[in-house]
Number of protein chains: 2
Amino acid sequence: MNLKNLYKLFRNSKIKSFDKEDAIIAANSKEKNVFFIRKGIVRSYIINEKGEEVTFQVYAETNIFTNVHSILFNEPSKFTYEAIEATKVYVIDYDLFLEITSKNPNLLEWNRTYFGKRIIKRAFQRSESFVFLSPEERYKKFVIDNPNIVNRIPDMYIANIIGITPVSLSRIRSRIVSKKD
Amino acid sequence: MNLKNLYKLFRNSKIKSFDKEDAIIAANSKEKNVFFIRKGIVRSYIINEKGEEVTFQVYAETNIFTNVHSILFNEPSKFTYEAIEATKVYVIDYDLFLEITSKNPNLLEWNRTYFGKRIIKRAFQRSESFVFLSPEERYKKFVIDNPNIVNRIPDMYIANIIGITPVSLSRIRSRIVSKKD
DNA sequence: TTCATTTCTTATCTTTTGTTAAGTGGTTGT
DNA sequence: ACAACCACTTAACAAAAGATAAGAAATGAA
């Protein structure tokens, strides 16, 4: 599956634009849309018991994001999905998404193999990174895995994503710099 | 989907018994079997660069485990799957598993909804626990989520699973006890 | 530009974790 | 029963992380 087919899938869908800090999927929403990011960055976050925003994941261009909890389990979203930059997305209803992918053999294969599996693989790899890697190693891995994202989002989001505090990430960064000398 | 249908799926499959510490799936294996645990506990682990075993996950009765990396991506398993207790499993080849589930409407629906989604949900919830919970909270959650496992496996496995050292888990446990007074 | 806001860094202090090692208690196998 | 082994605890120390706050740097808005 390549980007060509993906564009085919989304070319007849709606396009929506969001300004920085716009909510794309509100918390507690049960909407079942599939979003393909054409331009921009999106993050998912929750508000914890202290009232702080905690970022869970970020998505950039050519990535798909959805309200996983709704699509898979018909549950309201725990997360708010918010544009970090001005963002353009293709939007397609999940049922229509399934209908289209099931009619086109290429897309069906893609949906079965690439799309669903990619979600599982990422979730697995992420859990593995917490079990097998230190915070510093997780940060280095994030930088390597997300070269197109790392300089476009606040470090505090990265800190949340790898499970540490922003202050601690700042110290890790200065530690890495001083080691290089 | 209930256990009845699951038993139906596995009733004509092979049954295998493993002694404590037997490897059920060897590391680097590409076998594509699906295992249903009838009795016993299984853990997956890797050997890290220091030569230490690091446990990633445990599975107990009525749970299914598979060589996820092989089934989804045709890659060799990173993990060894090992019986922690004397264990009896139903074994069925993945292709046969797919064939049977696709013929029986109940099983097909179960495979689409319950089986695949359960894997995703668990992987998500696990990642979330590392982002949103402290080590102590992760331990308490593990105990609540796994009442049938927690007293049957060494604490050192639990420590690995929640991403801390055995020594640290021991301290957390004594902290919890002293708080209760 | 200038001002206000937000993020990042740095500092201080406390708490927790990692590491290593020793000791205790329990289990296993012969 | 006995020895050997393994898991758990505890201790001591070093390293890292969390919490809080203050200042610097960057960003955004008027």
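Here are some exercises with worked solutions on a predicted model of two protein chains and two DNA strands.

**Exercise 1. Describe the overall build of chain A.**

Start with the inventory: chain A holds 7 helices and 8 strands. Next, compare its radius of gyration with the globule rule. The value is 17 Å, close to the 16 Å that the rule gives for 181 residues, so chain A is as compact as a globular protein of that length. Then look at the extent of the C-alpha trace, which spans about 55 × 35 × 30 Å along its principal axes. For burial, 29% of the 181 residues of chain A count as buried. Finally, turn to contacts with a separation of 6 or more: in chain A, 70% of them come from residues 24 or more positions apart.

**Exercise 2. Work out the strand order of the open sheet in chain A, and find its edges.**

Follow the pairing from strand to strand, and you obtain β1-β8-β3-β6, a sheet of 4 strands with antiparallel pairing. Now look for strands with a single partner: these are β1 (14-18) and β6 (64-66) of chain A, so one side of each has no neighbour in the sheet. The twist from one strand to the next averages 35°.

Zoom in on one pair. Strand β3 (residues 33-39) of chain A runs antiparallel to β6(A), and 3 bridges join them. Within this pair, A:Phe35 stands opposite A:Phe65 of β6(A). To finish, add the helix that lies across β3, β6 and β8 (87-93) of chain A: this is α3 (residues 94-103), and its angle to β8(A) is about 75°.

**Exercise 3. Trace the pairings of strand β4 in chain B.**

Take β5 as one partner. Strand β4 (residues 42-47) and strand β5 (residues 53-59) of chain B pair in the antiparallel sense over 6 bridges, with B:Arg43 opposite B:Val58. The two strands form a hairpin with 5 residues between them, and B:Gly51 in the turn has a positive phi of about 85°.

Then move to β7. Strand β7 (residues 80-83) of chain B is joined to β4(B) by 4 bridges, again antiparallel. Here B:Val42 has B:Ala83 as its bridge partner.

**Exercise 4. Which elements of chain A supply at least two residues of the side that touches chain B?**

Begin with the counts: 20 residues of chain A are in contact with 20 residues of chain B. Sorting the chain A residues by element gives β5 (53-59), α2 (68-73) and α4 (105-132) as the suppliers of at least two residues each. Of these, α4(A) gives the most, with 12 residues. By class, this side of chain A has 12 nonpolar, 4 polar and 4 charged residues.

**Exercise 5. Set out the protein surfaces near the two DNA strands.**

First take DNA strand D, which 18 residues surround; A:Pro135, A:Ser168, B:Pro154, B:Asp155 and B:Ser170 are the closest. Two or more residues each come from α5 (135-145) and α7 (166-179) of chain A and from α6 (155-161) and α7 (166-179) of chain B. The most come from α7(B), with 6 residues. The classes are 8 nonpolar, 5 polar and 5 charged.

Now repeat the steps for DNA strand C. It has 17 residues around it, the closest being A:Asp155, A:Ser170, B:Pro135, B:Val167 and B:Ser168. At least two residues each are supplied by α6 (155-161) and α7 of chain A, and by α5 (135-145) and α7 of chain B. This time α7(A) gives the most, with 6 residues. By class there are 8 nonpolar, 4 polar and 5 charged residues.

Note on methods. Residues numbered from 1 in each chain as written. Chains lettered and ligands numbered in written order. Predicted model: local features only at pLDDT ≥ 70, side-chain atom pairs only at ≥ 80, totals over all residues. Near = placed C-beta within 6 Å. Nonpolar A, V, L, I, M, F, W, Y, C, P; charged D, E, K, R; others polar. Pairing = 2+ DSSP bridges. Axes fitted to C-alpha atoms, helices over the stretch in contact; angles between N-to-C directions. Contact = placed C-beta atoms within 7 Å. Rg over C-alpha atoms; globule rule 2.2 N^0.38 Å. Buried ≥ 20, exposed ≤ 12 C-beta atoms within 10 Å, placed from the backbone.
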